[in-house]
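Please open the model in your viewer and keep the selection tool at hand, since each stop of this tour begins with something to select.

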Amino acid sequence: MSPRPGLPSRLHARDTPDPSAPPIQVVGLRKSFGHHEVLKGIDLTVERGEVVCVIGPSGSGKSTLLRSINLLEWPTAGQVRIEGIDVLDPDVNLDRVRTRIGMVFQSFNLFPPMTVLRNTTIAQEKVLGRSRSQAERVGRDMLERVGLQDKIDAHPSQLSGGQQQRVAIARSLAMNPDMMLFDEPTSALDPELVGEVLEVMRSLAESGMTMMVVTHEMGFAREVGTRLIFMDDGLIVEQGLPRQVLSDPQQPRTQLFLSKVL
Amino acid sequence: MTDSETGLSGSSRTFRLSDIRPTTRRRLSRGASYGVALIVVLLVVFLTDWDKIQRNFFNADVASDLVPAIFRALGNTLLYTLVCFVLGTLLAVVFALMKMAHGPARWFAVAYIELFRGLPALLTIFAFAFMIPIAFRVRLPGGTLGGGLIALVIVTSAYNAEVIRSGIEAVPKGQREAARSLGMPHLTTMLHVILPQGLRIVIPPLTNEFVMLLKDTALLFIAGLTAAERELTTFGRDGMTTHGNSTPLILAAVLYLIVTVPLTALVGKLEKKLAVKK
């Protein structure tokens, strides 16, 4: 949609992604659940092509930060900009912004009554308005990309956890998102199934996708991540190159955490 | 005098029930209950006037008089049930969604559901068949029967709204989050992701509501049905009056059971099947 001539372009500009703006920009983000403040002022900018891994103890606010970016959680204060769009602006069509942010959950959250292929096509049809055949072509491509082209007609319950998570990734990719959020994508998996999911995520990162990954997989963070963020108690405590942060943490809290998990 | 004083201890002390072996005791008590049951059956068989019962409750002449017409009444019962169930359930989905929203829509849904679940169905039928048409001088479509059916649709929608809401709330919240994060608007998410799963969860309780509704169509008698409109109970009652005989009611009862017993069995099966899937 292009702005109609003669109309002030202000409204239009508010809703249109700016390709030169950073994909994710968070300023002074705070989030409280009742009296409990989970995020205590987060400032974060993710540039195009970055793979930002977020680590930290449970309850540190990692997941809440991720869920605040596509507004599954509504921030109590602060700003969230997606490709330059202020998503907290009530005039912004949030659903349209969300189509550009893929999200992968710890518990997969595939749609159980639908086949694998239907899982990847329903949002394409209902949200992007693609035809059935067009959506299925994209869905098949994405399922092939995650190595599940032969599971197209299966139902989620017939798949292993690792396969389900790969379908979930394909479902998000089918929307052609500009960035992907991963909320502990391998935490619910049996150890022997973690590798196949991380492999898909690695190839996605290599293709240049902007990614933000909340994870406990330090190996993935070290090898694939371009930046590592350590969060504790609702704040970003330390960030930098993954190798640097993991091998030479500067903050005592980071040191304490890493000494426990490494 | 005690046993020990008379020197009888050991050989003939007091008999206690616990002296019998448990297996023997169980066999004895079961035998006793069969015995009592047999005596009751024999008493009933010998003391009952079978001729009288057959004449009054299982009268073949009366039954043959009823035969074509009673199936029409059964048809009406099924028709009224189906119509009220389908319309009532569609309306129930709307009220369930309204109750889960915020603001005036929610208040209205809460008031509606509480009102029509709280009132006896008979009173609601009476209200829609007579009180409302008379008070507002309106003619509802289908006359008093139409009013009665509207009442049953409303009562069904109030009950089913709660059932459906519980089903919607039983769908894991990750389903909603996944759909919303794919950019699906609220209504699309509801219609294509949440409702299909929620309705599947409540198939057993909804089938139960269907059986209840089937029996509640008997309450339509208060709407004053014409001969062609009669459902099973009204038909049975009218037949009882005209023939001075209870056979019509027995026949109606048998026809109800032929429909409800398999349905109730089906509910049990569905519940088991769903429980296994979990």
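The tour goes from the interface of the two chains to a salt-bridge network, and then to some sites within each chain.

Before selecting anything, note that this is a predicted model, in which local features need pLDDT of at least 70 and side-chain atom pairs count only at pLDDT 80 or more, whereas totals for chains, interfaces and linings use all residues. Residues are numbered from 1 along each chain as its sequence is written, chains are lettered from A and ligands numbered from 1 in the order in which they are written, and side-chain values use heavy atoms, with hydrogens and water left out.

**The interface**

Select chain A and chain B together and display the residues in contact, a term that means heavy atoms within 4.5 Å: 22 residues of chain A are in contact with 16 residues of chain B. The two chains bury about 1600 Å² between them, 64% of it on carbon and sulfur atoms, where buried area is the accessible area (1.4 Å probe) that two parts lose on being put together, summed over both. Between chain A and chain B there are four residue pairs in polar contact, both residues at pLDDT 80 or more; such a contact is a pair of N or O atoms within 3.5 Å, and within protein one must be able to donate a hydrogen and the other to accept it, while residues adjacent in sequence count only if both atoms are side-chain atoms.

Now select, in chain A, helix 3 (94–98), strand 6 (101–104), helix 4 (116–128) and helix 6 (161–173), each of which supplies at least two residues of the side that touches chain B. Helices (H or I, at least four residues) and strands (E, at least two) are DSSP runs, numbered from the N terminus. Helix 4 of chain A gives the most to this side, with four residues. Coloured by class, the side of chain A that touches chain B shows 13 nonpolar, four polar and five charged residues; here Ala, Val, Leu, Ile, Met, Phe, Trp, Tyr, Cys and Pro count as nonpolar, Asp, Glu, Lys and Arg as charged, and the others, Gly among them, as polar.

**The salt-bridge network**

How many salt bridges does the rule find across the interface of chain A and chain B? There are two, with a salt bridge taken as a side-chain nitrogen of Lys or Arg within 4 Å of a carboxyl oxygen of Asp or Glu. Select A:Arg67 and B:Glu177, whose side chains meet in a salt bridge at 2.7 Å, N to O. Add A:Glu73, which forms a salt bridge with A:Arg67 at 2.9 Å, N to O. Since A:Arg67 lies in helix 2 of chain A and B:Glu177 in helix 8 (residues 173–181) of chain B, the A:Arg67 and B:Glu177 pair joins two chains. With B:Lys173 selected as well, the picture is complete: A:Arg67, A:Glu73, B:Lys173 and B:Glu177 are linked in a network of salt bridges.

Both A:Arg67 and B:Glu177 are buried, which here means under 20% relative accessible area, with exposed over 50% and partly exposed in between (1.4 Å probe, protein chains only). Extend the selection to helix 2 (residues 62–69) of chain A, where seven of the eight residues are buried, including A:Leu65, A:Leu66 and A:Ile69. Helix 2 of chain A is followed by A:Leu71, whose phi is positive, near 60°.

For another salt bridge, select A:Arg30 and A:Glu37, which meet at 2.9 Å, N to O. A:Arg30 is partly exposed at 36% relative accessible area, and A:Glu37 is likewise partly exposed at 27%.

**Aromatic rings in chain B**

Next select B:Phe95 and B:Tyr112, a stacked aromatic pair with 3.8 Å centre to centre and 10° between the planes. Rings of Phe, Tyr and Trp (its six-membered ring) pair if their centres lie within 6.5 Å, and planes under 30 degrees apart count as stacked, over 60 as edge-to-face and the rest as tilted. Because B:Phe95 lies in helix 4 (residues 60–100) of chain B and B:Tyr112 in helix 5 (residues 104–118) of chain B, the pair ties together parts that are 17 residues apart in sequence. Adding B:Phe108 and B:Phe116 to B:Phe95 and B:Tyr112 shows one aromatic cluster.

**A buried proline**

Finally, select A:Pro156, in the loop between helix 5 (132–145) and helix 6 of chain A, which is buried at 5% relative accessible area. Not counting residues up to four places away in sequence, A:Pro156 touches A:Leu110, A:Phe111, A:Pro112, A:Met114, A:Asn119 and A:Gln164.
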